[in-house]
Amino acid sequence: MTQSQLQLDLVPLSEWLPSKWKKPVIAGPCGAESEDQILDTARQLAKQGHVSLFRAGVWKPRTRPGAFEGNGETALKWLTAMRNETGLPFTVEVANTEHAELALKYKTDVLWIGARTTVNPFSVQEIAEALKGTDVPVLVKNPVHADLQLWMGALERFNRAGIRKLGAIHRGFHTGVKTQYRNQPLWENAIALKSSCKELPVFCDPSHICGRRDMIASVAQKALDLNMDGLMIEVHRDPATALSDAAQQLTPRLFEELLMKLVVRDQSTNDSDFSEQLNSLRQVIDAIDDEIIQALAHRMEVIRKIGAHKREHGITILQLDRWLEILQTRVAAGESLGLDKELVTELCQLLHKSSIRKQTSVMNENRSSDQ
Ligand code: PEP
Ligand code: MN
């Protein structure tokens, strides 16, 4: 899929979500279960002083009916009391117009759009319309499945409705492949989104990526190493009793320990030795890439000749045995040099695809000149 650019008119993140840690951190329980649970969790987080925004779902999207579906407007009252007492601003998920209106009524500081809503342009458009004329910040989680355009589209809909305080949240994707993650992190999508609009803040939600607390640290660290702009982490005063997402929530104490362990690396440095060495290594990369491009052009030229040769002799483009032999020998050669099997396989598949495309066009060229 060709990647289109995302043109958004944005207010910088630092103007609406100042950092209280090394990057802005959003934390709080999956769901608002009781006033006491909200207050107790928020008091502990406020005391630690690292959290920029308190999160709690008041309408919970559940796969099957009958599970805990949130406390709605009542929970917004608890969150208002929490904010009055602790000074912590709060964010809730909104999934329809009614949610959006109620969230605005309680002056919710930031709204977030859940993964199950981002997939639906009708719902996103309706919520965006309901927010017109306000300047409430909105964070858009990635859609459940890996459709980058859908994620971009949702951000555009809010921006066109006048929402300029916008961010995205990478919470992992349902890929249909069983992995150790609840939702597989596809970092390339978060990077592609950021590359299509450099000013767009992209958060990472390691809680929903992992689905279990023991993996959260490594995913959060990876997000920071990829220079994501902030984190959203589920924190519950007593995760074992949580009414939703019990396995992935951290206690306030574990949350603080996690933040202490995470390393936030610099994006650049004034250290001239480091820069010199990096630059000389980059020159080597530039030269290697140049060789690769030259070799690819040469390979394509030979492919064209092969296509013409097959055409002249009435031979099919696809030669299954040859393709299987290429795949097997290249993967083996790569492995003997310590290259990842996956890398070489994907590269061969890409080359084979473009080779077939090239030979097809050679066949068609000859066919049209025959007529
Ligand atoms: C949540 O944040 O609790 C939630 C339901 O998230 P997601 O939309 O990422 O599943
Ligand atoms: Mn949750």
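Student: Why are α7 and α8 called oblique to each other?

Tutor: In this predicted model, helix α7 (residues 148–160) and helix α8 (residues 187–196) pack at an angle of about 45°. Angles under 35 degrees count as roughly parallel, and 65 to 115 as roughly perpendicular. The angle of about 45° falls in neither range, and α7 and α8 are therefore oblique. Their axes lie 10 Å apart, and α7 passes α8 in a right-handed crossing.

Student: Which residues of α7 meet residues of α8?

Tutor: From α7 come L148, W151, M152 and L155, and they meet N189, A190, A192, L193 and S196 in α8. By class, the residues of this contact divide into seven nonpolar, two polar and no charged.

Student: What makes α4 roughly parallel to α6?

Tutor: The axes of helix α4 (residues 97–105) and helix α6 (residues 121–131) cross at roughly 30° and come within 9 Å. Since the cut-off for roughly parallel is under 35 degrees, the angle of roughly 30° makes α4 roughly parallel to α6. The crossing of α4 past α6 is right-handed. On the α4 side the contact is made by T97, A100 and L104, and on the α6 side by E126, I127, A130 and L131. These residues divide into five nonpolar, one polar and one charged.

Student: How do you know that the buried residues of α11 line one face of the helix?

Tutor: Helix α11 spans residues 252–261, and P252, F255, L258 and L259 are buried in it. Viewed down the axis of α11, these buried residues fall within an arc of 115°, so they line one face of the helix. The general geometry is that an α-helix has 3.6 residues a turn, so residues three or four places apart point the same way. On the other side of α11, R253, M260 and K261 are exposed.

Student: Against which elements do the buried residues of α11 pack?

Tutor: Their partners are the strands β1 (25–28) and β8 (230–234), together with the helices α2 (35–48) and α10 (216–225).

Student: Why is L262 called buried?

Tutor: L262 has a relative accessible area of 4%. Buried means under 20%, so L262 with 4% is buried. This residue lies in the loop between α11 and α12 (272–312). Not counting residues up to four places away in sequence, L262 touches W21, K22, A217, A220, Q221, L224 and L231. The C-alpha atoms of L262 and K222 are separated by 9.7 Å, with the two residues 40 apart along the chain.

Student: What makes G70 partly exposed?

Tutor: The relative accessible area of G70 is 25%. Under 20% would be buried and over 50% exposed; the value of 25% is in between, so G70 is partly exposed. G70 is found in the loop between β2 (53–55) and α3 (72–86). Leaving aside neighbours within four places in sequence, G70 is in contact with V58 and K60. From the C-alpha atom of G70 to that of W21, 49 residues apart along the chain, the separation is 29 Å.

Student: What percentage of the residues in the protein chain are buried?

Tutor: Of the 371 residues in the protein chain, 45% are buried, that is, under 20% relative accessible area. The chain's secondary structure comes to 14 helices and eight strands, and its C-alpha trace spans about 80 × 55 × 40 Å along the principal axes.

Student: How much of the contacts with a separation of 6 or more comes from residues 24 or more positions apart?

Tutor: Such residues account for 73% of those contacts in the protein chain.

Note on methods
Residues numbered from 1 in each chain as written. Chains lettered and ligands numbered in written order. Predicted model: local features only at pLDDT ≥ 70, side-chain atom pairs only at ≥ 80, totals over all residues. Heavy atoms only, no water. Buried < 20%, exposed > 50% of the residue type's maximum accessible area, 1.4 Å probe, protein only. Helix = DSSP H or I, 4+ residues; strand = E, 2+ residues; numbered from the N terminus. Arc of directions from axis to C-beta. Contact = heavy atoms within 4.5 Å. Axes fitted to C-alpha atoms, helices over the stretch in contact; angles between N-to-C directions. Parallel < 35°, antiparallel > 145°, perpendicular 65-115°, else oblique. Left-handed = near helix turned anticlockwise from the far one by under 90°. Nonpolar A, V, L, I, M, F, W, Y, C, P; charged D, E, K, R; others polar.
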